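Here is a walk through one protein model, starting with its salt bridges and ending with its sheet. Please keep the structure in view while reading.

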Amino acid sequence: MLASLVHRAAASSALAARRALHASAAAGKDKPLPDSCACAAQGQHALGGRPAPPRHPAVPPRRAARRAAPSSGELYGREDRDPAPSPNPSATQEKMSFPRDEAGPAGAKLEGVDDPAAYPNDPTLPGGAGPRVDGATKAALAGVREAEAESPKAAGQGVVEGLGAAQGDDAGADRGRQAAPCGRAAARQRRAALLPLAAQGGDAAPRLVLPQVSRRVLATDAPVIVKTKAMMARAPPGRPVLSLAQGIVHWQPPPAAAARAAELLAAGGPAVHGYGPADGLPALREALAAKLTSVNGLPGYEAMVTAGANQGFVNLVLSLCDASDRVVLFTPYYFNHLMALQMTDTGVLLGPSLPGSLRPDLDWLAGALAGPAPPKMVVITNPCNPTGVLLPREELERAAALCAAAGAWLVLDCTYEDFLYDGGTHHCVPGPNVLHLFSFSKCAGMMGWRVGYIAYPGAAAGGGGRLADEILKARRVCQQSARAADGPRAHTRPAARRRRPPRPAATAPAQVQDTIPICASQLSQHLALAALSGESRAYVAAQVAGLEGNRCAVADALVPLGRRGAGVAGGEGAIYYWAALPERFAAADEAAVAWLISEHGVCAIPGSACGAPGHLRVAFANLTPGACVEAAGRLRAGLEQLVGLDALPPAAAP
């Protein structure tokens, strides 16, 4: 490990020196070296100008390596500390990409050092061309390359020799050999001084080191839908892959709603093209409040319209949680919920589900909420994505009571409220600490229109605390934009008299909404409003009822893995089944999905994306009945073959 750091540090220093020397040549004349570089070339420490000792006394090799090598944090652009460890080191290493000219993991090639394309004007590289350089500079560049080729450990020494040679000072170059191991702090200062010098080369200057992306993003899981689509794209040609993976529906929005949207689009004007209220069109919010009362049993609840339920969830996380808080997700969880928490750097506490039923373990939740560091928020999806399990009212009421007693928020994701089978009933529970998420994407076939909403308790429902107050304040801030349906969002007073409305002091979902999307698309909201009509609701009910054939076909396809209650769960609500693979494939669910794609032309979601390796999530609403029957046949044939294998072929890799 230490030898690797020495190699990386020396190579990084050599690269920085070449940049500086080449930039000086590209400018057409010799440029004076910065003080920190010159003092190193003159045999002095870069800090303080003190004469450098001839050599460090006999130091154990490991200590010498620590002295000569910069910290790993420095290699990633930080000077004083190493990067914070990732919550998922293996995933972070897999996704981490090192910019060109940056030292990567041990054994990785340091791109740019030996790449002629990185330095087209370097005369010492094959094919190098560019401005004329003097002999001393050319010799210095060649000396650096020789040092790199001779030994990685000698590269740092070769840098200092090259600096001395570039100044035409042979004695300085000789003394530079002694000043090479000048310590980590001097190396940082030398590097910082060389970068501006390289920048002086103008268009001919080499590229500078790129900054790293956010650690939060590096620690966020890769989106599994994107990954499975890429796997499908790599499938052998000749037979299109049928997907039972993504949770979408095969139908389009209700015809009456689509016709209304077409009329508005043809008419144009600010009602379609202008900004709307941050919390949603007043007519839509009023209709949603009525629906929450009559359908969901949530009197006194109000609605904030968002660009999909996923954006509504992010609004709640940003509004209600700090980085020091923890949020409970029950395994298996909806992968986008976890990604939102990872991306916002919010703590995650994974709770278990009960074996067999896969319902949340509320006894475990009671213990977690009674502990010394209770979670700030608990998230439950009902019906559940990814399992397709439907929860009874008494379990939801118990979860709400436990959260209320502990001062925690309960967020119920009700995206699949309309997808119920075998006489099942969807329940919502009210409470001052209970919030609900809904979506038009699934039931109304509006996936690409991006409309969802947050249902929160208003004053009439006991939600008179900070959340409701701040939402009301944020709504007053956005009152001006509420007039967008009647006219453009413009000021009519003289500029000198304009006054910005006061911003609320605390964070609230409406503030987050106004900061990120400003508002959901107005045309999409008009479509959603029309989708709430009686005619449109009847259309949605008919489409859901038409899924019965798909549901039965997929249940039959999973028989090689078991039946509901014994190896297979779901089918009670939402649009999913959840199945366990044979135990020998418990750590190979992604490979099993890749094998099903390549060998049988059918795709599912690996359970590892939901925190439960060794399982499959299989959707049954994204294909028309005929296509779903064909996909189910492929899946059954694949699973029958899979259960007879001792191991997957080596080629079956995600």
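A residue counts as buried under 20% relative accessible area, as exposed over 50%, and as partly exposed in between. The model is predicted. Glu-630, at 43% relative accessibility, is therefore partly exposed. Its salt-bridge partner is Arg-634, with 2.8 Å from N to O. Arg-634 is buried, at 11% relative accessibility. Both residues belong to helix α25 (residues 625-642), where they are four residues apart, about one turn of the helix.

In total there are 15 salt bridges. Another one joins Lys-291 and Glu-417, whose closest N and O atoms are 2.6 Å apart. Lys-291 is in helix α14 (residues 282-294) and Glu-417 in the loop between β6 and β7, so this pair links distant parts of the chain, 126 residues apart. Lys-291 is buried, with a relative accessible area of 10%, and Glu-417 is buried at 10% as well.

The loop between β6 and β7 also holds Asp-422, and Arg-564 lies in strand β9 (residues 563-564). These two form a salt bridge with closest N and O atoms 3.6 Å apart. Asp-422 is exposed, at 59%, whereas Arg-564 is partly exposed, at 43%. Both belong to a network of salt bridges with Glu-548 and Arg-551.

Strands β6 and β7 are part of an open sheet of seven strands, in the order β2-β8-β7-β6-β5-β3-β4, with mixed pairing. The edge strands, β2 (301-306) and β4 (347-351), each pair on one side only. Strands β7 (residues 434-439) and β8 (residues 452-457) are antiparallel and share four bridges; Leu-437 has Ile-454 in β8 as its bridge partner.

Note on methods: Residues are numbered from 1 along each chain as its sequence is written. This is a predicted model: local features need pLDDT of at least 70, side-chain atom pairs count only at pLDDT 80 or more; totals for chains, interfaces and linings use all residues. Side-chain values use heavy atoms; hydrogens and water are left out. Two strands pair if DSSP finds at least two bridges between them. Helices (H or I, at least four residues) and strands (E, at least two) are DSSP runs, numbered from the N terminus. A salt bridge is a side-chain nitrogen of Lys or Arg within 4 Å of a carboxyl oxygen of Asp or Glu. Buried means under 20% relative accessible area, exposed over 50%, partly exposed in between (1.4 Å probe, protein chains only).
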